[in-house]
Structures are given as structure tokens and as C-alpha cells.
Amino acid sequence: MTTASTEPPFGPRSRRTSVGVRIGEGEKAVIVGGGAPVVVQSMTNTDTADIEATSRQIAALARAGSELVRITVDRDEAAAAVPHIRDRLAAMGVTAPLIGDFHYIGHKLLTDHPACAEALDKYRINPGNVGFKNKRDLQFGQIVEIAIRNGKAVRVGANWGSLDQELLTHLMDENALNPAPLEARAVTREAMVRSALISAARAEEIGLQRSRIILSAKVSAVQDLITVYRMLAERSDYALHLGLTEAGMGSKGIVASSAALGVLLQEGLGDTIRISLTPEPGGDRTQEVKVAQELLQTMGFRVFTPQVAACPGCGRTTSTVFQELARDIQNHLATSMPHWRALYPGVERLNVAVMGCIVNGPGESKHADIGISLPGAGETPAAPVFVDGVKTVTLRGARIAEEFQALVEDYVVRRYGQRPEQAAE
């Protein structure tokens, strides 16, 4: 069974108590909620019916650090492909549990394709489009019953853009009769929360265990997201999936998602997260995984990979040497981690500093596990290196970057190369 990494470096935060949910079985199982560290997930953007392309993207997302991966299941061809994707991933050594994303006809696809229902580890249901009018409860119930038979978890995911219009209209009408009516936005937030909670309660009535249910309420505005999740947390102890839907592209999407999720995570809310970034055409889908990891690690809630602290540069650092060295060291750490993770337990906690001049460079370098303070513009090309707070050597000349990288490699081997059980012998 897979659980998230070790305790955060700044100690455990105060967390909302939620019911733990097991997703997947055996060694591939991931625990969401119940006090487990926040889990990172992502979603493919391939045509699920394309087995090869979807398998490759899932593998890339999982290797980048996605602990759960969601795929679209929107038609018969996609549903038929799911068990083949699962088998292909197993052959590739990829164990991340698979989540099926269902809208409109999920009840039919899961019924007509029992192998798909069995191959997935969790189903995502949108209560706003699972069915309409008198078919809603019937079709929702069909999916829940299939989940029960197959021992699967379910995410009840309300969405601002596809909210249950019947429920929303009822609440709007009710609000209009109130002597002090709320703003329409506040009523919509209430509808989001009620949609998720009513559906979860219905799933429990049918027989789905509370420990198989995760809730989400996805909106695209930061303040709405924060408010809605606070409301959900006040009214239930279900595990919560956080994500700002339609966050956008590039820095806008990263900033908006980080602002919203950062507030909620700091308040102890959220058991699993996704950063929903719109990729550039042909862009790298794994960016959303990296941003999610960086958010959790920057806030001190998870540890995934060694960090490089580097100064922003100023008029004292007109040389590009420190910028190039910081970039090269960051890239080296990232490419080395798949190999290092198996050989050097704990290496993800490594902190490296690459500073650009003598003003703050020596001090910041002393705070890192290993750090270098390069000379500023026009200064003598001498760069002191600090290891565990102690100056050990001063590098000079044209090969400073290569020599420092070798020192980092040597530090990793010396500090993390011996496993605890070996040291005890």
C-alpha cells in the first residue's frame, strides 16, 4: 500500500479530521484523508480510446509524481480501452491508481463494460449531469451500486459550470421569498455544497461506505473556492479533493491555483489536490504535477525533491554564472532523483544554495546543506563552498560550476548513501 512521503520538515500541521479512503488494492493502494499526507493527482488529455497514447501519458504523469491519475471515459470505445490501459501500465511498472471521469452516461458505460468497472480504482461522478429529472436518482444509484459490487471509491464532484439546475432554481426561488435575500453568488455557493452533500448522503443510503467517498466542489474563482470548501468542511467529515477548475494557462493558472489551495491547505483543509493548468499547444502535461508538488513542498507539507535556493540577482550580479549554475544544479537534481531515490533514502530533503554575491551569499549558503557563494560582478573569481554550515573549500577559475556539481554528488553519497539499518550494524 502506498502512502505519501515522510512528515513535513516543519512538523505536522493542524489538519481537519476526515475519513480515510483507500483507492486501489494491494501495493498500489493510496490512502486519501484520515490524516494521511496530501495526495497529488492529475488528469490525462489524450483520447482514452487511444491505448498507446493514454498509457504513455499516464506513465509520464506517474513518473513525474502523480499518485493518482484520472482519465476521461466518455463513450464505448474509451470504456473498452480501460482494461487494456491498466494492463499496459502494469507491464510498464506503473502502479498509480486510475480514476474514471464520468459525465452524462457513466451508468451505461459502467454497466455495458464490466471490465472497465473492474479495472478502474475510483469513479468520479458529477451530480450536476449524472441524470436529469426523474432519471437522476436512478442513474446515480446505478453507478453507486456498481462501485459497491466492485469495491471502488467514488468522488462526488460538483462543478460550478455544470451545477444541478433544478436544485439551484429551488434555492433561488426560496431565497427570493426571504425577507433578507442573499446575493445570487452566495446562493450558488450553497447549491454547490448541498449538491455534493445530498449526493454523498444518497450514496450512503444505497450502501456505499463513508470510507469510499470523496467530495469536491470545483469553481474557477479563488474566493468562491475558498468559501465553498470552508462550508463543506464545516458540514461533513468526508475526504476532500481540492482544485481550482479552469485555472488558466501559464503563470495565471499557477498563481490562481496556488493562492486558492494555499489558503485552504494552511487551514488544514484538503486531502488530495490537482492543479488544473491549460497546457501550451504541445506542452508538457506533467507541469501540473510539478506545480502541485512544489506548492506542497514550498508550504512545508510534503517533501518530494531536493530544493535549490538561488538569489534573484541585482546590479551586483551582472554575470550570468550563478544563474547558469543554479539552473544546471536544479536540472541535475531533477534528472538524478529517479536513480537517487532508490539508493539514497532521504535525499529528497537535500537543500542546496547557489548565491550570486558576497552580500547575502555566505549567510544563505551556511543555512543550506551545501551552498556556494559566487563573486559578484567585477569581483575576484573566488567562490567559497559551505557544507553543513562550515566553509570547506574555495573554488576558483573557469571550472567552478563543474567542481561544485561534483561536490554536490559527493555530499549526497556521503550523507545519504548509508541506510539506517546499515549504520546500526
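Biologist: What makes up the lining of the largest cavity, by class?

Modeller: By class, two residues are nonpolar, two are polar and three are charged. This is a predicted model, in which local features need pLDDT of at least 70 and side-chain atom pairs count only at pLDDT 80 or more, while totals for chains, interfaces and linings use all residues. Residues are numbered from 1 along each chain as its sequence is written, and side-chain values use heavy atoms, with hydrogens and water left out.

Biologist: Which residues line the largest cavity?

Modeller: They are Leu277, Thr278, Pro279, Asp284, Arg285, Gln287 and Glu288. Leu277 and Pro279 go down as nonpolar because Leu and Pro are on that list (Ala, Val, Leu, Ile, Met, Phe, Trp, Tyr, Cys and Pro; Asp, Glu, Lys and Arg are charged, and the others, Gly among them, are polar). Strand S12 and helix H10 (287–298) each supply at least two of these lining residues; such helices (H or I, at least four residues) and strands (E, at least two) are DSSP runs, numbered from the N terminus.

Biologist: Why is a space called a cavity and not a pocket?

Modeller: On a 1 Å grid over the protein atoms alone, a 1.4 Å probe fits in a cavity but cannot get out, whereas a pocket is open, with protein on both sides within 12 Å along at least five of seven lines; lining residues have an atom within 4 Å of a point. By this rule there are two cavities of 30 Å³ or more. The largest holds about 40 Å³ of space, and the second largest holds about 30 Å³.

Biologist: How many charged residues are in the lining of the second largest cavity?

Modeller: None: that lining divides into five nonpolar and four polar residues. Tyr104 and Gly106 are among them.

Biologist: What makes Tyr104 stand out in its phi?

Modeller: Tyr104 has a positive phi of about 70° although it is not a glycine. Most residues other than glycine have a negative phi. Tyr104 sits in the loop between strand S5 (98–102) and helix H3 (106–112). Asp388 is another non-glycine with a positive phi, about 50°, and lies in the loop between strands S16 (382–387) and S17 (390–396).

Biologist: Why does Tyr104 count as buried or exposed?

Modeller: Its relative accessibility is 51%, and exposed means over 50% (buried is under 20%, partly exposed in between, with a 1.4 Å probe and protein chains only), so Tyr104 is exposed.

Biologist: How do you know where Gly417 falls, buried or partly exposed?

Modeller: Gly417 has a relative accessible area of 29%, so it is partly exposed. Gly417 lies in the loop between helix H13 (400–416) and helix H14 (420–424). Gly417 and Tyr344 are 73 residues apart in sequence, with their C-alpha atoms 5.1 Å apart in space.

Biologist: What makes H11 roughly parallel or perpendicular to H13?

Modeller: The axes of H11 (residues 321–343) and H13 come within 11 Å and cross at roughly 25°. Angles under 35 degrees count as roughly parallel (over 145 roughly antiparallel, 65 to 115 roughly perpendicular, the rest oblique), so H11 is roughly parallel to H13.

Biologist: Which residues lie nearest the centre of the second largest pocket?

Modeller: Met43, Arg70, Thr245, Glu246 and Arg274 do, out of 19 lining residues. That pocket has a volume of about 320 Å³, and its lining has three nonpolar, nine polar and seven charged residues. Strands S7 (153–159) and S12 (277–278) each supply at least two of the lining residues.

Methods:
Points joined across faces, edges and corners; volume = space filled by probe spheres on them. Axes fitted to C-alpha atoms, helices over the stretch in contact; angles between N-to-C directions.
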